[in-house]
Amino acid sequence: GVITPYSAEGVDCIIVRENTEGEYSGIEHTVVPGVVQSVKLITRDASRNVAEYAFKYAVDNNRSNVVALHKANIMKMSDGMFLEQCRIVAEKYPQIKYREMYLDSACLKIVRDPGQFDVMVMPNLYGDIFSDLTAGLIGGLGLAPSGNMGKDGIAIYEAVHGTADDIAPQNKGNPTALLMSGLMMLRHLELKSHADIIEKAVLETLTERKVVTGDIGGRATKPGIRRRNLPENSGYVMNHNFA
């Protein structure tokens, strides 16, 4: 695929992010004029659900370890509850190595040696930050796919960067992240052979570097990418947000 300073080591990790609460709960108020307070909401059920998803994903996809990222040294009650649920779930999966790591320490360690990470599970805000960091290791946000996974099996897939409204009119956005998100959706729907065909086309295009967008050193536009991928070829950081 894309050549980066980490290509020799290889980057192959899964980020599992709780996606319904935490600092993004939107609970804010003014204490007194000039002083505002934002509430971080963490619940036992949501923490248990995201931990269960992370460990089950690890087992189902032949992954060997799960790391819980946290700041329980500072937020003892909220992140402490998150870790408590991760530990309870970890006991049900003795075949999976379980570790805990401070978020700031993990940011340093994954940049120095991404190969030590496999599946990572974390609260909402940490996942937002960490997914952008890891996207940088593989070439940028234009390459990073994601899926929002509901407990009931309903899932929504999108690029990590969202809609990229700022560059959409310029027709220079990298469609790889959206294509790879589509692959995640196809595999969720058990259409693996269809996903494999598209994935092969995408990876060949990135490797050949004849038709790539400006963010990874090329000059192609999105129509050019589509023409390269589909007619000739039709016939990994991944992010899982748990809601």
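Colleague: What makes the meeting of the Glu204 and Lys200 side chains a salt bridge?

Modeller: Happy to explain! This is a predicted model, and in it the N to O distance between Glu204 and Lys200 is 2.5 Å. A salt bridge needs a side-chain nitrogen of Lys or Arg within 4 Å of a carboxyl oxygen of Asp or Glu, so this pair qualifies.

Colleague: Why are Glu204 and Lys200 separated by about one helical turn?

Modeller: Because they lie four residues apart in helix H6.

Colleague: Is Lys200 called buried or exposed, and how do you know?

Modeller: Its relative accessible area is 51%, and exposed means over 50%, so Lys200 is exposed. Glu204, with 25%, is partly exposed.

Colleague: Let's turn to another pair. What links Asp79 with Lys40?

Modeller: A salt bridge, with the closest N and O atoms 2.5 Å apart. Asp79 sits in helix H2 and Lys40 in the loop between strand E3 and helix H1, 39 residues apart.

Colleague: And why is Lys40 called buried?

Modeller: Buried means under 20% relative accessible area, and Lys40 has 17%, so it counts as buried. Asp79 is buried as well, with 0%.

Colleague: Now the helices. Why are H5 and H6 called roughly antiparallel?

Modeller: They pack at an angle of about 160°, with their axes 8 Å apart. Angles over 145 degrees count as roughly antiparallel, therefore the term fits H5 and H6.

Colleague: Which residues make the contact?

Modeller: Among them are Leu179, Met180 and Leu183 of H5, and Ala195, Ile198 and Val202 of H6. By class, the contact has eight nonpolar, two polar and four charged residues.

Key: Residues numbered from 1 in each chain as written. Predicted model: local features only at pLDDT ≥ 70, side-chain atom pairs only at ≥ 80, totals over all residues. Heavy atoms only, no water. Axes fitted to C-alpha atoms, helices over the stretch in contact; angles between N-to-C directions. Helix = DSSP H or I, 4+ residues; strand = E, 2+ residues; numbered from the N terminus. Parallel < 35°, antiparallel > 145°, perpendicular 65-115°, else oblique. Contact = heavy atoms within 4.5 Å. Nonpolar A, V, L, I, M, F, W, Y, C, P; charged D, E, K, R; others polar. Buried < 20%, exposed > 50% of the residue type's maximum accessible area, 1.4 Å probe, protein only.
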